[in-house]
Amino acid sequence: MNVLHLSHALDITSVAGHTLSAEEAYVVKNALLVLQGENHFKDIYFFGKIFGLEKDYYVSFGYRSDAIGGRSFFYSTNQCDWFVLSEPSPCALKLTPRVSQRFTGDPSHVVDWRDAGDTFGVPGRECLLKEEDRLAAVVYSLHDDCAIAPKGAFFLNIEGLIEINPTFQGLSLQQGSDGTWWRHTRRKGQSATRSSGDFLDSSTSELNDKWSFRVRSQGSVCIVLNLEWLGFTVYHRLRTPEHGFVYFGDGVKFNKSVTSELPPSELQK
């Protein structure tokens, strides 16, 4: 959610169960505006809060030119000091889904994911995962799986960069609760066109299966809840350009069984 609308947006998404206190929202907003100026971002957003045992992680992102492909992510444990969150390594992306224990709030903490109850894997250093790397992998996965926007909210300019669509006036009540009118904020391949929505990935069956669409405030606001990443909430003020998303959770994806993805040969070890 854009920090300029932070307080209002948090009021809307608080129906999902979590929000920031008034003091937290004030500090985060001002800190992110400073971060925006230091990095010359066109816009900056509050991504969410991942709960830790000792400290929580506050996550944000901003961009300079490409509103989707150019997003840079940051994290903080005190709401004031923000650090760059690097793109996760393939190893971190592979190991992170196998860790189910809570974050500690210490970026330097190292976890052996086998200590979390998973005994499958390769012994040695490949089982060690630094918490900062795990955080990067969780944020990357959250963004890739859950960041969605109303169809038409972005457009592809002549330089091939994605920008916020200044002519977008929002979805109607019927459109807002229909998965076909929403798009993942991730680009399609090179064949994407500049037509409204055609350059963003859309999977109607996936959106309808993994999301719960709800209309509130007498039909003026659409709230969309992810059913796998519990705590990820998308909102859209219908018939207006305002939309956004936020995540409040422990950073663990809901799975019936992590081991179900392993081949039979691994399960027999």
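Here are some short exercises on the structure above, each with a worked solution.

This is a predicted model, in which local features need pLDDT of at least 70, side-chain atom pairs count only at pLDDT 80 or more, and totals for chains, interfaces and linings use all residues. Residues are numbered from 1 along each chain as its sequence is written, and side-chain values use heavy atoms, with hydrogens and water left out.

**Exercise 1. Get an overview of the chain.**

Task: find out how many helices and strands there are, and what share of the residues is buried.

Solution. Start with the secondary structure: the chain has seven helices and 14 strands. Both are DSSP runs numbered from the N terminus, with helices being H or I over at least four residues and strands being E over at least two. Next, burial: 46% of the 269 residues are buried. Buried means under 20% relative accessible area, exposed means over 50%, and partly exposed is in between (1.4 Å probe, protein chains only). Then look at the surface, where the chain exposes about 13400 Å², with 49% of that coming from carbon and sulfur atoms. Those areas come from the Shrake-Rupley method with a 1.4 Å probe. Last, take the contacts (heavy atoms within 4.5 Å). Among those between residues at least 6 apart in sequence, 56% join residues at least 24 apart.

**Exercise 2. Decide where to be careful.**

Task: find the stretch where pLDDT stays under 50.

Solution. pLDDT is the predictor's confidence in each residue, from 0 to 100. Its mean over the chain is 86, and 85% of the residues reach 70 or more. The stretch to watch is residues 257-269, where pLDDT stays under 50 and the model has twelve contacts beyond four places in sequence. Where pLDDT is low, the predicted coordinates should not be read in detail.

**Exercise 3. Take a look around helix α2.**

Task: work out which residues of α2 are buried and what covers them.

Solution. First check the length. α2 covers residues 22-39. Its 18 residues should span 26 Å at 1.5 Å a residue, and the end C-alpha atoms are indeed 26 Å apart. The expected span here is 1.5 Å times one less than the number of residues.

Now list the buried ones: E24, A25, V28, A31, L32, L35, Q36 and N39. Seen down the axis, they fall within an arc of 150°, so they line one face of α2. The arc is taken from the directions from the helix axis to the C-beta atoms. An α-helix has 3.6 residues a turn, so residues three or four places apart point the same way. Turned away from the buried side of α2 are the exposed residues A22, E23 and Y26. The cover over the buried residues includes α1 (6-13), β1 (43-50), β2 (57-63) and β3 (72-76).

Finish with N39: it counts as buried because its relative accessibility is 18%. Beyond its neighbours within four places in sequence, N39 touches R64 and F74.

**Exercise 4. Follow I12 across the sequence.**

Task: find which residues I12 is in contact with, leaving aside its neighbours within four places in sequence.

Solution. I12 belongs to helix α1. The buried residues of α1 are L6, A9, L10, I12 and T13. They cover an arc of only 160° around the axis, which puts them on the same side of α1. Among the elements covering them are α2, β12 (221-226) and β13 (232-237). I12 has a relative accessible area of 12%, so it is buried. The residues in contact with I12 are V221, I223, Y235 and R237. I12 and R237 are 225 residues apart in sequence, yet 9.2 Å apart in space, C-alpha to C-alpha.

**Exercise 5. Compare two positive phi angles.**

Task: say where H40 and Q79 lie, and whether each is buried or exposed.

Solution. Most residues other than glycine have a negative phi, and most peptide bonds are trans. H40 is not a glycine, but its phi is positive, about 55°. H40 lies in the loop between α2 and β1, and counts as exposed at 64% relative accessibility. Q79 has a positive phi too, near 75°. Q79 lies in the loop between β3 and β4 (83-85), and is buried at 16% relative accessible area.
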